[in-house]
Amino acid sequence: MSKNMAEDGVEEKRENKKKKELGGLRTMPFILANEICDRFASTGFHANMITYLTEVLNMPLVPASNTLTNFGGTASFTPLVGALIADSFAGRFWTILVGSIIYELGLVSITISSVLPSLRPPPCPTKENCKEASDLQLWILYISLLLTSLGTGGIRPCVVTFAADQFDMSKSKVATRGWNFFNWYYFSLGMATLSALTIVVYIQDNVGWGWGLGLPTIAMALSIIAFLVGSPLYKKLKPGGSPLVRLAQVTVAAVKNRKADAPADPSLLYENKELDATISVNGRLIHTDQFKWLDKAAIVTEGEATTSNPPNLWRLATVHRVEELKSIARMLPLWAAGILHVTSSSHQHSFTIQQARTMDRHLSSSFQIPPASLSIFSILSVLIGIILYERFFVPLARRFTGNPSGITSLQRMGIGFMVNILATIVSSLVEIKRKAVAVDHNLLDNPRAIIPISVFWLVPQFALHGVAEIFMSIGHLEFLYDQSPESMRSTAVALFWIAIAIGNYLGTLMVTLVHKYTGKSKNWLPDRNLNRGRLDYYYWLVTGIQVLNLIYYVICAWLYTYKPIEEVVDGMEEDDADLARGGKDGSGDGDVELARTGTVQAQ
């Protein structure tokens with residue numbers, strides 16, 4: 001018997017060693033190749049799609065715009081479905097792979113339709129009495145867009161979490177690294193987006209739609225191949241079952257045990273390491289004093305037999321599962337603050353482009369900057385800013401805070417909110433300047449006239465929005481990944497994309513309400529003549545909303561308690577753990593003291 005136990009021990013050590021050999025930096029070329037090619041493909045596919053619908057398929061402007069809006073909204077919410085599938089039963093690897101294949105099918109179908117004359121209406125260069133796309137041609141378009149929306153649901157929430165899974169993301173390990181994974185993940189996305197906006201859009205406009213759509217299709221196919229080639233190297237965590245079911249079980253158990261008296265000693269609450277093994281690979285969550293009424297779900301009552309393995313989880317939940325629900329409850333108010341950040345930036349792709357059309361865009365006597373290309377300045381500021389953030393800001397901040405990351409994710413988000421407010425103020429001041437020049441040259445009543453003011457006046461606000469993204473968006477993504485329960489990280493990242501979707505919808509609602517209720521004679525956002533509008537007033541309104549949102553955020557961040565986790569440290573016995581308890585300051589660092597036998601407590 002002792003021989004068998006020894007053999008089992010040796011086998012277990014081999015398995016653990018094999019797991020440690022998987023993952024790491026060597027997997028990044030394969031995983032990030034998938035994400036970079038996906039972003040290249042999706043940006044190249046969608047950036048100029050309104051032109052394809054109106055110029056190639058001869059769709060009227062409003063139906064074409066509504067089509068893209070509807071499928072864009074679908075693509076923003078499918079990540080939640082994909083995340084739940086990944087976290088529940090499929091795992092991140094298979095969800096990414098299947099999502100990529102579905103996305104590729106969508107790209108292939110629309111590329112074929114752009115090449116075959118029978119799948120598109122005849123050209124209409126005069127734009128008069130054009131023959132619109134037939135029902136069959138439109139259905140091919142709709143199926144293509146639907147496939148890309150569904151594929152996005154499998155890719156977006158899983159790639160960043162799957163890539164992060166390849167590293168030890170425990171606090172102790174992150175502190176020893178000289179780089180931030182989320183910064184460089186975002187940098188790679190920015191490079192892919194910049195490449196697509198410059199290369200693919202140029203090909204679509206100047207070479208043809210066959211190559212313009214074919215290039216993203218080829219890139220996506222290569223990303224799938226790269227992802228599969230790296231498969232033997234990946235660290236693949238097993239899904240831990242439906243997170244929504246677990247959250248519901250805790251809630252139901254707490255309600256059922258509402259009349260039970262919680263023990264004064266939290267250590268008497270129900271725990272089961274075996275039961276939680278698959279959902280706490282990197283460490284179990286520790287009991288916290290917040291939302292104490294949820295602790296009733298972990299009270300072992302006289303009527304509940306705990307000898308069964310597992311117990312009835314609708315009547316009795318472990319402390320770890322209770323803390324999962326508490327973690328989500330703590331995160332949601334801070335997650336919600338990110339919605340209005342997106343809302344405030346949504347005008348960047350509409351009104352700012354309209355402003356640019358009225359300004360002098362000449363770089364030379366023969367070349368003008370396309371209005372839509374101004375977003376390149378925002379991307380460039382993100383790319384340059386990430387490098388400066390890593391190389392200069394973090395080391396400088398570390399001297400004052402002692403935090404290995406320079407500042408916490410919550411502090412980073414707060415700075416992003418403030419920079420975004422500054423960007424909106426600058427937008428208002430530039431609009432005041434633009435209209436003043438229009439008044440000086442008597443151009444207020446000529447909406448098609450080019451006002452003699454350089455379009456480069458708009459660059460500072462684009463650059464500031466890029467800086468805000470470095471702090472807010474990356475900080476938001478890092479916060480959601482780090483503070484969510486490890487078994488729900490794909491779902492948490494899906495919330496990042498849902499915040500973007502809701503923020504854009506709220507931006508549309510706000511513009512609609514402002515246009516409706518600011519009158520006809522002096523409308524802030526007129527339909528035709530922006531020179532007679534009060535766009536600067538709209539920017540001041542957005543600034544005021546952002547200030548209120550910042551106050552709300554600061555209150556939530558001040559009251560926030562970072563999740564406490566029991567981290568298993570390499571080289572220690574199985575029962576030994578590192579208790580990384582994050583305080584309200586969120587640093588999670590500090591003096592180290594002996595907490596109990598075999599554990600170290602960091603406060």
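# Aromatic pairs, salt bridges and backbone outliers

Biologist: How many aromatic pairs does a search of the whole structure find?

Modeller: This is a predicted model, and side-chain atom pairs count only at pLDDT 80 or more. With that in mind, a search of the whole structure gives an aromatic pair count of 22.

Biologist: Is the pair of F93 and F162 stacked, edge-to-face or tilted?

Modeller: The ring centres of F93 and F162 are 6.3 Å apart, and the planes meet at 45°. Planes under 30 degrees apart count as stacked and those over 60 as edge-to-face. The angle of 45° fits neither class, so the F93 and F162 pair is tilted.

Biologist: How many residues apart in sequence are the parts that F93 and F162 tie together?

Modeller: F93 belongs to helix 5 (residues 92–115), while F162 belongs to helix 6 (residues 135–165). Both residues are buried. Because the two rings sit in these two helices, the pair ties together parts whose separation in sequence is 69 residues.

Biologist: What is the angle between the planes of Y560 and Y562?

Modeller: Y560 is buried at 3% relative accessibility, and Y562 is buried at 5%. Their rings form an edge-to-face pair, 5.4 Å centre to centre. The angle between the planes is 75°.

Biologist: Which residues form one aromatic cluster with F93?

Modeller: F93 pairs with F162 in a tilted arrangement. The cluster that holds F93 also takes in other rings. Its further members are W94, F162, F227 and Y234.

Biologist: Which residue lies over the face of F93?

Modeller: A charge sits over a ring if NZ of Lys or CZ of Arg is within 6 Å of the ring centre and within 35 degrees of the ring normal. For F93, the distance from the ring centre is 4.2 Å. The residue over its face is K236.

Biologist: Over the ring of which residue does the charged end of R156 sit?

Modeller: The charged end of R156 is 4.5 Å from the centre of the ring in question. That ring belongs to W497.

Biologist: How many salt bridges does a search of the whole structure find?

Modeller: Side chains of opposite charge can pair when their charged atoms come close. Searching the whole structure for salt bridges gives a count of 11.

Biologist: Which helices hold R92 and D165?

Modeller: The side chains of R92 and D165 meet in a salt bridge of 2.3 Å, N to O. The two residues are in separate helices, so the pair ties together parts that are 73 residues apart in sequence. R92 is in helix 5, and D165 is in helix 6.

Biologist: Is D87 buried or exposed?

Modeller: D87 forms a salt bridge with R92, and the closest N and O atoms are 3.6 Å apart. R92 has a relative accessible area of 9% and is buried. For D87 the value is 4%. Buried means under 20%, so D87 is buried.

Biologist: Where do D276 and R321 lie?

Modeller: D276 and R321 form a salt bridge with the closest N and O atoms 2.9 Å apart. This pair links distant parts of the chain, 45 residues apart: D276 is in the loop between helix 10 (243–256) and strand 1, and R321 is in helix 11.

Biologist: What is the relative accessibility of R321?

Modeller: D276, the salt-bridge partner of R321, counts as buried at 2% relative accessibility. R321 also counts as buried, at 8%.

Biologist: What is the phi of F291?

Modeller: Most residues other than glycine have a negative phi. F291 sits in the loop between strand 1 (284–285) and helix 11 (319–345), and is partly exposed at 34% relative accessible area. Its phi is positive, near 50°.

Biologist: What is the relative accessibility of N442?

Modeller: N442 is not a glycine, yet its phi is positive at about 55°. The residue is in the loop between helix 14 (409–440) and strand 3 (451–454). N442 counts as exposed because its relative accessibility is 71%.

Biologist: Which residues make the nonpolar surface patch of about 640 Å²?

Modeller: One member, V229, lies in helix 9 (residues 209–229) and is exposed, with a relative accessible area of 51%. The patch is made by V207, W211, I218, L222, I225 and V229.

Methods. Residues are numbered from 1 along each chain as its sequence is written. This is a predicted model: local features need pLDDT of at least 70, side-chain atom pairs count only at pLDDT 80 or more; totals for chains, interfaces and linings use all residues. Side-chain values use heavy atoms; hydrogens and water are left out. Patches are made of residues with over 30% relative accessible area and no salt bridge: like charges are joined within 9 Å, nonpolar side chains (Val, Leu, Ile, Met, Phe, Trp, Tyr) within 5 Å. Accessible areas come from the Shrake-Rupley method with a 1.4 Å probe; for residues, only the protein chains shown count as cover. A salt bridge is a side-chain nitrogen of Lys or Arg within 4 Å of a carboxyl oxygen of Asp or Glu. Helices (H or I, at least four residues) and strands (E, at least two) are DSSP runs, numbered from the N terminus. Buried means under 20% relative accessible area, exposed over 50%, partly exposed in between (1.4 Å probe, protein chains only). Rings of Phe, Tyr and Trp (its six-membered ring) pair if their centres lie within 6.5 Å; planes under 30 degrees apart count as stacked, over 60 as edge-to-face and the rest as tilted.
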